[in-house]
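The exercises below are meant to be worked with the sequence and the coordinates open side by side. Each task is followed by a solution that goes step by step.

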Amino acid sequence: MAIADRQSSWTPRHRADSDTPANEAEAAWQGALARTPDRDELFTTMSAAEVPRMSTPESAGTDYAADLGYPGQFPFTRGVYPSMYRGKPWTQRQFAGFGTAAETNERFHYLLAHGQHGLSVAFDMPSLMGYDSDDEHALGEVGREGVAVDSVLDMERLFEGVPLDEVSTSMTINGPAPIILAYYAVMAENRGIPLAKLSGTIQTDILKEYIAQKEWLFPPDPSMRLVTDMVEFCTNEMPRWHPISISGYHIREAGSTAAQELAFTLANGFAYVEHAIARGLDVDAFAPRLSFFFNAHIDFFEEIAKLRAARRIWATVMRDKYGAKDPRSLLCRFHCQTAGVSLTWQQPLVNVARTAVEAMAAILGGCQSLHTNSYDEAIALPTEAAVQIALRTQQVIEEETGVTSSIDPLGGSYFVEEMTNRIEADAYDYFRQMDELGGTVEAVKQNFQMREIADASFRWQQEVEAGQRRIVGVNAYQVQDEPEVAILKIDPNLEAEQAARTRQARADRDEAVAQKALADLTEACRGDANLMYPLLDCARATCTEGEIVRAMREVFGSWTETPVF
Amino acid sequence: MAGKIRVVIAKPGLDGHDRGAKIIARALRDAGMEVIYTGLHQTPQQIVETAIQEDAHAIGVSILSGAHMTLVPKIMELLEAEGAGDVLVVVGGTIPKDDAAALRERGVGAVYTPGQPVAEIVTFLNEKLAHVAS
């Protein structure tokens with residue numbers, strides 16, 4: 001099937017312009033305003049979007065049935081599920097992973113014992129970049145900001161004692177995602193757990209790697225093939241698994257505006273949908289298992305508007321452009337994480353307050369799961385005490401504040417609806433610009449998104465330095481003597497031990513079987529068969545991640561970006 | 001043009017968090033310096049080679065992966081081995097206080113952590129490298 005017609009028009013929604021007063025009372029109010037002028041401040045969001053002085057029914061311009069409707073119904077502005085948090089609260093999912101597989105395994109058991117419902121794995125840089133712990137590129141980086149997983153044996157240590165058929169696991173890895181998924185699947189296979197029972201999410205969102213996070217292994221085209229292989233494999237073999245978490249988080253952390261985060265993320269999602277359709281998959285066979293990951297930043301209402309708009313845009317485009325019929329294909333279900341970049345190194349305990357506000361935005365925006373950052377993360381990896389406060393922050397919101405009792409409690413707020421309409425229109429503007437460049441993948445190759453983000457990030461920094469944006473502790477309310485904060489240190493011996501384990505794993509395996517699996521993989525890369533099956537064979541043969549990546553690079557090559565700043 | 005400060009902005013190691021590096025690169029360029037940005041995933045060897053090739057007065061190293069205590073001393077060592085020990089090295093990233101002190105001890109000119117104004121870096125380089133401009 002051909003990729004859906006890129007020329008088809010993105011349907012813009014109305015955008016209210018309220019320059020002229022709607023009635024006499026408004027005219028009188030505007031007259032009175034002239035005598036009480038605004039303070040000399042930037043009244044824009046942190047994304048430089050104009051903020052209306054006060055929204056009105058006219059400026060919000062909402063058509064209730066068409067624009068909002070009911071939760072669990074098109075266009076899902078008010079939420080993806082009919083009962084939202086009255087039925088089931090969001091999943092409190094704290095990202096964890098540092099040091100060795102065994103240490104992370106301990107943290108998992110700690111979090112499960114403290115009431116967390118889902119597990120989340122952070123990998124270390126060498127694992128994220130396709131290098132083994134004993135590779136020279138891994139020097140000084142093993143187990144630093146996540147766990148080192150070099151082979152299926154590390155995966156088994158990581159999940160020892162964790163009931164794989166009862167938890168849902170989120171794994172944050174992109175370039176090597178197919179390899180890591182193969183390790184997870186083979187671990188389950190070794191324990192006799194059917195793949196169909198595994199539940200979880202793997203990030204796999206390679207487009208935002210080129211755009212923002214910069215962790216890729218191969219050029220864009222073979223990368224898109226691998227993503228599509230995973231979508232196809234999970235559709236057929238792991239029906240409870242979410243093969244891609246389409247992520248705006250990193251785009252935002254790289255300095256984008258909220259509108260850019262929204263637009264580039266959804267556009268990446270549409271690109272994966274188009275590739276899977278081109279592979280011959282029925283859109284409704286895989287779309288229900290696409291999920292999203294957004295940032296929950298500090299500009300409270302803008303964030304809520306962004307999350308509400310995301311649901312409406314995804315549902316509209318999936319239905320009208322890609323012909324999805326299953327209502328679940330229309331759902332933009334998402335995880336949120338509070339904004340790492342909003343944390344300050346100065347007066348770090350103030351970060352607890354920031355994170356609470358951001359968490360509230362995520363929840364009022366209707367997230368399905370949430371990670372709250374620890375207050376010490378601008379300084380180093382989080383300590384256990386800081387992680388606990390972060391989790392407790394979510395628990396306070398859930399148990400004490402009452403915000404979960406009514407669905408989409410801000411729906412119908414003139415301001416929230418107007419902001420939702422505006423950011424939605426901005427996203428459609430970006431879709432059109434990328435269409436003109438030949439689509440999302442082409443725009444990536446032309447550095448379009450990267451340039452937009454670099455500009456936005458530089459503008460923000462200039463506003464901060466000019467004092468137009470005040471950040472508590474940074475350029476306002478500073479203190480002279482910053483208190484010391486306890487930080488988590490990673491044992492430097494850990495790297496050597498992990499490297500030794502990986503060498504041992506290679507020494508203990510059947511070398512002929514391993515080499516054959518790698519050779520078969522290289523051969524498969526030359527053809528167009530689904531690569532997940534040869535990857536499973538590599539995992540079973542205890543091939544290491546670095547070996548597997550090298551076997552694929554023989555055919556796919558690597559990718560160097562032209563940096564724009 | 002004589003008298004222009006030349007700075008290599010470098011991203012060693014595997015982490016791809018380049019927002020800071022790019023903002024600094026642009027701010028230094030706007031402040032009239034000549035900026036060479038290495039791009040991502042550079043080894044210490046590559047960074048030192050670039051600095052020597054470009055006859056740089058300073059190297060700004062951006063690291064957010066936690067590998068600074070391995071990578072920065074390696075860069076210093078290689079600079080000294082190449083007879084370029086006079087190149088001013090500054091480091092930016094999530095660097096704990098103890099590590100920052102250790103890096104300054106090792107000869108790093110300054111360590112910048114999140115939230116410090118870019119203007120401070122510009123001022124520091126202009127002062128430290130005043131001899132270039134004169």
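**Exercise 1. Work out how the contacts of chain B are spread along its sequence, and how its fold is laid out.**

Step 1. Among contacts in chain B between residues at least 6 apart in sequence, 72% join residues at least 24 apart. This, like every value here, is computed from a predicted model.

Step 2. The secondary structure of chain B consists of six helices and five strands, and from the N terminus on these elements follow the order β-α-β-α-β-α-β-α-β-α-α.

Step 3. The radius of gyration of chain B is 13 Å, which agrees with the value near 14 Å that a compact globule of 134 residues would have. Along its principal axes, the C-alpha trace of chain B spans about 35 × 35 × 25 Å, and buried residues account for 51% of the 134 residues.

**Exercise 2. Determine the strand order of the sheet in chain B, and find which helices lie across its strands.**

Step 1. The five strands of this open sheet are ordered β2-β1-β3-β4-β5 in chain B, and their pairing is parallel. At the edges are β2 (34-37) and β5 (110-112) of chain B, each of which pairs on one side only. From one strand to the next, the twist averages 20°.

Step 2. Strand β1 (residues 6-10) of chain B is joined to β2(B) by four bridges, in parallel; within this pairing, Ile9(B) has Tyr37(B) of β2(B) as its bridge partner.

Step 3. Helix α1 (residues 19-30) of chain B lies across β1, β2, β3 (58-63) and β4 (88-93) of chain B, at about 160° to β2(B). Helix α3 (residues 68-81) of chain B, by contrast, lies across β3 and β4 of that chain, and runs at about 165° to β4(B).

**Exercise 3. Trace the parallel sheet of chain A through the bridge partners of one residue, Thr169(A).**

Step 1. Four strands form an open sheet in chain A, with the order β2-β3-β4-β5 and parallel pairing; β2 and β5 (241-242) of chain A are the edge strands, each pairing on one side only.

Step 2. Strand β2 (residues 118-122) of chain A, although an edge strand, is mostly covered, with four of its five residues buried. Five bridges pair β2(A) with strand β3 (residues 168-172) of chain A in the parallel sense.

Step 3. Thr169(A), in β3(A), is the bridge partner of Leu119(A). On β4(A), the bridge partner of Thr169(A) is Gly200(A), and four bridges in all join β3(A) to strand β4 (residues 199-202) of chain A in parallel.

**Exercise 4. Why does Ile179(A) count as buried, and what surrounds it?**

Step 1. Ile179(A) belongs to helix α8 (residues 177-190) of chain A. Ile179(A) is buried because 31 other C-beta atoms lie within 10 Å, where the cut-off is 20 or more.

Step 2. Setting aside neighbours within four places in sequence, Ile179(A) is in contact with Leu535(A), Glu545(A) and Ile548(A). Leu535(A) is itself one of the buried residues of helix α22 (residues 532-540) of chain A, and the cover over the buried residues of α22(A) includes α7 (152-158), α8, α10 (220-237), α21 (511-526) and α23 (545-556) of chain A.

Step 3. The largest nonpolar core has 188 residues, and those with the most contacts inside it are Ala182(A), Tyr183(A) and Ala427(A). Helix α12 (residues 258-278) of chain A supplies the largest share of this core, 13 residues. Beyond its neighbours within four places in sequence, Tyr183(A) is in contact with Val149(A), Val152(A), Met155(A) and Ala539(A).

**Exercise 5. Describe the contact between the chains from the side of chain A.**

Step 1. The contact takes 30 residues from chain A and 26 residues from chain B.

Step 2. In chain A, α6 (125-128) and α19 (448-465) each supply at least two residues of the side that touches chain B, and α19(A) gives the largest share of that side, five residues.

Step 3. Sorted by class, the side of chain A that touches chain B has 15 nonpolar, eight polar and seven charged residues.

Key
Residues numbered from 1 in each chain as written. Chains lettered and ligands numbered in written order. Predicted model: local features only at pLDDT ≥ 70, side-chain atom pairs only at ≥ 80, totals over all residues. Contact = placed C-beta atoms within 7 Å. Nonpolar A, V, L, I, M, F, W, Y, C, P; charged D, E, K, R; others polar. Buried ≥ 20, exposed ≤ 12 C-beta atoms within 10 Å, placed from the backbone. Pairing = 2+ DSSP bridges. Axes fitted to C-alpha atoms, helices over the stretch in contact; angles between N-to-C directions. Core = buried A, V, L, I, M, F, W, Y, C linked by C-beta atoms within 7 Å. Rg over C-alpha atoms; globule rule 2.2 N^0.38 Å.
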